[in-house]
Amino acid sequence: MSTIINARSPYFVKYEASQSSRTLVSVQVNVFIYSGVFTTDKPSTSDFFIERQVITSDTPFIVIDIAEFIRDELYTKYYTSAIDAVWVELDSIITETDNGTFTVQDDRDFLAFDGFGYFDEGSNPRRFNQPQNPTQPYTPQVLQDNDCIYFTTGRDIRIPLFSEPQGTASYVGGAGYWNETDYYWTAADVNWDGTAVSQVITDSDDSNDKIQYLILGAGQFGDGDTITIQSNVGSSQTTVLTLNKLQCGKFEKIRVVFYNKYGALQDVWVDKKSTQSIQVRDQEFKVNTLDYTTTIPSYDTNSHTRQRFDVLANERIICNTGFIKECMNDPIKQLLLSESVWLEFEDLSVIPVIIRTTSQQFKTGVNDKLIQYSFEFEYAFDTIQNVR
């Protein structure tokens, strides 16, 4: 079972002398960051080397924040080009003194996601891979904070899962087909097991298997159907997810896909009115159109004397949710904090976007009765193809 690093927040590793009678002098750390099978895919040489020395006797220890080095190896990209989990190994040599000089080998290993912690989760957030006693923030088996799952007929349902608890998923309600996969964007296959067959989330030493997605194919799912996930390894976890069907309407149903605080992909539906706009930027220069070859210099009145150039454009879309439950407030908060966001349209085309909504007042059933949100997204590319 892995010690978890959420690389968007600091992760501190502390080195002290191995014995109380000794004094720490320095530490040399070879850092290995890699994806694939633990140990067997470990590169022969480290990615980089860190050396630190104790500065004063008042602080006889060394602390290193290793999170800042990890994110270069995590790729929150579309589909199979994504690397959402990596192994981190620290092979360290600690130098100590006690009437002589001693060296101690200190090797530590971690599993890193592109997640983050909130301030109230403390330092090294959710490093535990299961509930602890006493209770501390941990990485749960379902990698999202909402227990209500919205869906629409004809579109797959996708739920992010942490594989190490090796949960068993059971469906109660209508009929469909489902399976667990390594990739969020995998399309459901009619040859998968029916939802009457429980799905067991399998774990392995491959970092690519650590975040998996339970995908349900389009079926006869009903409003109020439930998915229960029961862990089989470590401390007991039971998670009940309730399906909520989006209302029928005349507007296009757009799935907003984003990396959440756990470093996993999840979605929020915007199924009401959406409006698109374009913003254009350009420059101009003055053109001399006089023809001096004629008896009297003249010019063509159909020619531009002000010429436009370096025309750039970006498109935006404003999307609105329908009336949703209060349990979606956490995902919406994480959407606003996400660095990688996509929109999936009804024709299943996917475009990368940047969320431009920077402020949101969270609503509750008690205060607002009906909960609805609006978001503005900017397409993450120029309208004119100018990739060189």
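## Loops, cores and a cavity

Asn99 sits in the loop that links β6 (85–97) to β7 (101–113); helices (H or I, at least four residues) and strands (E, at least two) are DSSP runs, numbered from the N terminus. The model is predicted, so local features need pLDDT of at least 70 and side-chain atom pairs count only at pLDDT 80 or more, while totals for chains, interfaces and linings use all residues. Residues are numbered from 1 along each chain as its sequence is written, and side-chain values use heavy atoms, with hydrogens and water left out.

**Backbone and exposure**

Asn99 is not a glycine, yet its phi is positive, at about 55°. Asp310, in strand β22, is another residue other than glycine with a positive phi, near 55°. The table sets these two beside Ser338, which belongs to the loop between α2 and β23. Buried means under 20% relative accessible area, exposed over 50%, and partly exposed in between (1.4 Å probe, protein chains only).

| Residue | Relative accessible area | Class |
|---|---|---|
| Asn99 | 85% | exposed |
| Asp310 | 41% | partly exposed |
| Ser338 | 9% | buried |

What does the side chain of Ser338 reach? Its partner is the backbone oxygen of Tyr259, at 3.0 Å. This is a polar contact (N or O atoms within 3.5 Å; within protein, one must be able to donate a hydrogen and the other to accept it, and residues adjacent in sequence count only if both atoms are side-chain atoms). Not counting residues up to four places away in sequence, Ser338 touches Arg8, Phe258 and Tyr259, where contact means heavy atoms within 4.5 Å.

**The nonpolar cores**

A nonpolar core is a set of buried Ala, Val, Leu, Ile, Met, Phe, Trp, Tyr and Cys residues joined through side-chain atoms within 4.5 Å. The largest one here holds 26 residues, and Ile317, Leu343, Phe375 and Phe377 have the most contacts inside it. At least two residues each come from β8 (148–151), β17 (254–259), β18 (265–270), β22 (306–320), α2 (329–337), β23 (341–344), β24 (350–355) and β25 (374–379). A second, separate core has 24 residues, including Ala85, Leu111, Phe113 and Val257.

Leu343 shows how the pieces of the largest core meet. With neighbours within four places in sequence set aside, Leu343 is in contact with Ile254, Arg255, Val256, Ile317, Ser349, Val350, Ile351, Val353 and Phe377. The helix α2 joins in too: its buried residues are Asn329, Pro331, Ile332, Gln334 and Leu335, and they pack against β17, β18, β23, β24 and β25.

Ile317 also has a partner in space that is some way off in the chain: Ile278 and Ile317 are 39 residues apart in sequence and 8.8 Å apart from C-alpha to C-alpha. Ile278 is part of strand β19 (residues 275–286). Beyond neighbours within four places in sequence, Ile278 is in contact with Ala313, Asn314, Glu315 and Thr383.

**β18 and its hairpin**

Why is β18 largely enclosed by the rest of the structure? Six of its six residues are buried, so the rest of the structure largely encloses this strand. From β18, Leu265, Asp267 and Trp269 point one way, and Gln266, Val268 and Val270 point the other way.

β17 and β18 run antiparallel, joined by six bridges; two strands pair if DSSP finds at least two bridges between them. One of the bridges puts Ile254 with Val270. The two strands form a hairpin with five residues between them, and Gly263 in the turn has a positive phi of about 80°.

**The largest cavity**

How many cavities of 30 Å³ or more does a search of the whole structure find? There are two. On a 1 Å grid over the protein atoms alone, a cavity is a set of points where a 1.4 Å probe fits but cannot get out, and lining residues have an atom within 4 Å of a point. The largest cavity has a volume of about 140 Å³, the volume being the space filled by probe spheres set on the points, which are joined across faces, edges and corners. It is lined by 15 residues, of which Asn146, Tyr150, Asp267, Trp269 and Met328 are the closest to its centre. The elements giving two or more residues to this lining are β8, β9 (157–162) and β18, and the largest share, four residues, comes from β18.

**A sheet that includes β9**

β9 also belongs to an open sheet of four strands, in the order β9-β14-β11-β12 with antiparallel pairing. β9 and β12 (193–194) are at the edges with a single partner strand each, so one side of each is left without a neighbour in the sheet. Six bridges pair β9 with β14 (residues 211–216) in the antiparallel sense, and Leu161 stands opposite Gln212 in β14.

Conventions: 1 Å grid on protein atoms, 1.4 Å probe; cavity = no way out; pocket = protein on both sides within 12 Å on 5 of 7 lines; lining within 4 Å.
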